[in-house]
Amino acid sequence: MEGSVPGFGRRMLALAYEFLLLLGVWFIAAFLFHLIFRDTSAEYFRPLFQFYLLCIGGVYFIWFWTHGGQTLAMQTWKLRLVSANGGKVTMQQAMVRYLMAVIGISFLGFGLLWALFNRDRQFLHDKLAGTRIIRLS
């Protein structure tokens with residue numbers, strides 16, 4: 001599958017839109033979590049809740065990336081995630097990409113800023129997972 005490399009600004013706008021959509025998913029997931037675990041003052045509640053939301057985000061992204069290569073925001077901005085050879089993204093690639101993206105963004109966005117200095121203009125998590133984002137025409 002051929003496509004051009006999208007600009008950094010386009011990917012950042014898609015990422016901002018993605019975050020808004022993810023907030024909605026997290027809101028619904030948090031509501032369900034609070035229905036099940038009513039004691040929010042328990043010691044275990046906060047880390048369990050954070051891990052739960054991290055997993056919900058993972059399910060959201062991994063499912064979309066492995067089923068068509070596009071999240072809702074990527075569809076809007078005409079972007080698609082493909083493997084480095086242009087094929088479909090595997091489950092393993094999607095999981096590695098998600099975990100590396102979480103780590104890279106956690107370190108002051110280093111994984112995203114990597115694209116400014118990389119000659120292929122890839123995010124660090126794409127480089128590590130063997131994937132790339134293309135712009136559809």
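K127 is partly exposed in this predicted model, at 42% relative accessibility. Its salt-bridge partner is D120, with the closest N and O atoms 4.0 Å apart. D120 is itself partly exposed, with a relative accessible area of 30%. D120 also forms a salt bridge with R119, and here the closest N and O atoms are 3.6 Å apart. R119 is exposed, with a relative accessible area of 77%. R119, D120 and K127 are thus linked in a network of salt bridges.

**Salt bridges**

The structure holds three salt bridges. They are listed here with their closest N and O atoms.

| Pair | Closest N and O atoms |
|---|---|
| D126 and R97 | 2.4 Å |
| D120 and R119 | 3.6 Å |
| D120 and K127 | 4.0 Å |

Which parts of the chain does the pair of D126 and R97 tie together? The closest N and O atoms of D126 and R97 are 2.4 Å apart. D126 lies in helix α6, residues 124-129, and R97 lies in helix α4, residues 91-106, so the salt bridge ties together parts that are 29 residues apart in sequence.

Is D126 buried or exposed? Its relative accessible area is 1%; buried means under 20%, so D126 counts as buried. R97 passes the same cut-off: at 5% relative accessibility, R97 is buried.

**The nonpolar patch**

A nonpolar patch lies on the surface. Its members are F27, I28, F31, L32, L35 and I36. Together they have about 680 Å² of accessible area. I28 is one of these residues, and is found in helix α1, residues 8-36. How exposed is I28? Its relative accessible area is 54%; exposed means over 50%, so I28 counts as exposed.

**Annotated spans**

An unreviewed UniProt entry places the feature "transmembrane region" at residues 12-37, 49-66 and 98-117. What is the helix content of residues 49-66? That span is 100% helix and 0% strand. The end C-alpha atoms of residues 49-66 lie 26 Å apart. Residues 98-117 are 85% helix and 0% strand. The end C-alpha atoms of residues 98-117 are 21 Å apart.

**In brief**

Two settings stand out for the charged pairs. D126, at 1% relative accessible area, is buried, and R97 is buried as well, at 5%. In the network, by contrast, R119 is exposed, while D120 and K127 are partly exposed.

Notes: Residues are numbered from 1 along each chain as its sequence is written. This is a predicted model: local features need pLDDT of at least 70, side-chain atom pairs count only at pLDDT 80 or more; totals for chains, interfaces and linings use all residues. Side-chain values use heavy atoms; hydrogens and water are left out. Patches are made of residues with over 30% relative accessible area and no salt bridge: like charges are joined within 9 Å, nonpolar side chains (Val, Leu, Ile, Met, Phe, Trp, Tyr) within 5 Å. Accessible areas come from the Shrake-Rupley method with a 1.4 Å probe; for residues, only the protein chains shown count as cover. A salt bridge is a side-chain nitrogen of Lys or Arg within 4 Å of a carboxyl oxygen of Asp or Glu. Helices (H or I, at least four residues) and strands (E, at least two) are DSSP runs, numbered from the N terminus. Buried means under 20% relative accessible area, exposed over 50%, partly exposed in between (1.4 Å probe, protein chains only). UniProt positions are given in the numbering used here, feature names are shortened, and annotations may be inferred rather than shown by experiment.
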